[in-house]
Amino acid sequence: MRIAMIGTGYVGLVSGACFADFGHQVTCVDKDGDKIAALRRGEIPIFEPGLDALVASNVKAKRLDFTTDLTGPVADADAVFIAVGTPSRRGDGHADLSYVHAAAREIAAVLKGFTVVVTKSTVPVGTGDEVERLIREVNPSADVVVASNPEFLREGAAIRDFKFPDRIVVGTSDERGRKVLGDIYRPLSLNQAPLMFTARRTAELIKYAANAFLATKITFINEIADLSEKVGADVQEVARGIGLDNRIGAKFLHAGPGFGGSCFPKDTRALVKIALDHDVQLRIVEAVLGVNDNRKRAMARKVSNAAGGSLRGKTVAVLGLTFKPDTDDMREAPSLPLITGLLDMGAKVRAHDPVGIEQARKELPDIEYCDDPYDCLRGADAMVVVTEWVQYRTLDLERVKREMAKPVVVDLRNIYRPEDMAAHGFTYDSVGRGTDPAV
């Protein structure tokens, strides 16, 4: 089938490349001429494992192309996916739908023949109604079905998530639309991926509800981690003990410095605003947002306490800047408020990240960056693990101690074992692993 993908951000580029790998003919469209030129040269603007090879192989096979002009691709398409950004609107937390609405108008003007227009972007409930209204306003004779098809991709594992999904949610009650989207996703039938057809508004709400629930699990285990520290319990064992219950599940029960990224903070805020617009108060989701924001700020105090109560004039080495491993995404990363807090306390900050330094410089221009973790640690009074990159799990702890001025380690991801750190002579603090006085 012929697919036009409007937007070459994270969702659009991964989805377009995967659809092309299914055998469909895909054209990715973006207004950014420099980005399109770079993609044509084989330069991928985001870090996602395996994406560069996937794009290259499908461009070589002539199934994937890039352009700034949507006229031809949309006119020829069986389905047009809108995968543009929906950032939080400045001032009120609502999702900014200006890019979605602009795309809908431009698509409408060049539609030819029957076309399914699919909203892939994360959008508030009712956005599909507005997209359909805009299309019919611009082109009253358009033979179009507007559907919702939210994405559920994890950064760092997006290609696998796309090809081996837990479910595929398609929001449309139109039989022609169901057939087109069923044909597009047919290659996944061998993986027995559930194709779930719902009403359009239901599909839109599924996406927000899923992200809010996962954010809630993270925040819940973070609060249990705080309690564990006070009562002398181990939050990792608590998480395992409850996660083995199939009703709860083990995923997203990893205590840490709070959630970040491009989805959870933005989508939970948007869901609260959507609910308020409909006279519903989502008290649990509101609490999740408040607890998560406070937690990120509290991490700097945790570092200060581990370093003796004051960071004035001390050097802190921060390992990991991105919001999670295997991505260069710095959006809402816990490292941002942490480092800001460290600087406010008078610390000098050095930082290392395997792929996120270029993006981090835009957010944190006033700290020192190191290309090697041991260089980052040299002469430091404290080391803080913020992102659980695998490279940090295998550091030579004897060398770490030699490089540091003081052997103070604050492990916000619990990647080290307390007994190993004690054996190497570190002053070690982690998250939610208290000392049981009964032991």
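What follows is a short exchange on charged side chains in this predicted model.

Trainee: How many salt bridges does a search of the whole structure find?

Mentor: Side chains of opposite charge can pair when their charged atoms come close. A salt bridge needs a side-chain nitrogen of Lys or Arg within 4 Å of a carboxyl oxygen of Asp or Glu. Searched in full, the structure gives a count of 27.

Trainee: Which residue meets Asp21 in a salt bridge, and in which helix is that residue?

Mentor: Asp21 belongs to helix α1, residues 10–21. The N to O distance of its salt bridge is 2.4 Å. The two residues are 142 residues apart, so the pair links distant parts of the chain. The residue is Lys163, in helix α7.

Trainee: Is Lys163 buried or partly exposed?

Mentor: Buried means under 20% relative accessible area. Asp21, at 30%, counts as partly exposed. Lys163 has 19%, so Lys163 is buried.

Trainee: Which helices does the salt bridge of Arg201 and Asp129 link?

Mentor: These side chains meet at 2.8 Å, N to O. The residues lie 72 residues apart in the chain. The helices are α9, with Arg201, and α6, with Asp129.

Trainee: Are Arg201 and Asp129 buried or partly exposed?

Mentor: Partly exposed lies between the cut-offs of 20% and 50%. Arg201 has a relative accessible area of 43%. Asp129 has 30%. Therefore Arg201 and Asp129 are partly exposed.

Trainee: Which residues are linked with Arg201 and Asp129 in a network of salt bridges?

Mentor: The network holds Arg201 and Asp129 themselves. It is joined by salt bridges. The other names in it are Glu132, Arg136 and Arg200.

Trainee: Why does Glu204 have no salt bridge with Arg200?

Mentor: Glu204 is found in helix α9 and is buried. Arg200 is its nearest side chain of opposite charge. A salt bridge has to fall within 4 Å, so this pair does not qualify. The distance is 5.1 Å.

Trainee: Which backbone nitrogens lie at 2.7 Å and 2.8 Å from the side chain of Glu204?

Mentor: Glu204 is in contact with residues including Val125, Thr127 and Ser148. Its side chain reaches one backbone nitrogen at 2.7 Å, that of Gly126. The backbone nitrogen at 2.8 Å is that of Gly128.

Trainee: How far apart are the closest N and O atoms of Asp375 and Arg378?

Mentor: Asp375 is partly exposed at 34% relative accessibility. Arg378 is partly exposed at 41%. They form a salt bridge, and the closest N and O atoms are apart by 2.9 Å.

Key. Residues numbered from 1 in each chain as written. Predicted model: local features only at pLDDT ≥ 70, side-chain atom pairs only at ≥ 80, totals over all residues. Heavy atoms only, no water. Helix = DSSP H or I, 4+ residues; strand = E, 2+ residues; numbered from the N terminus. Buried < 20%, exposed > 50% of the residue type's maximum accessible area, 1.4 Å probe, protein only. Lys, Arg positive; Asp, Glu negative; His and termini not counted. Polar contact = N/O pair within 3.5 Å; in protein donor to acceptor, adjacent residues only side chain to side chain. Contact = heavy atoms within 4.5 Å. Lists of a residue's contacts leave out its neighbours within four places in sequence.
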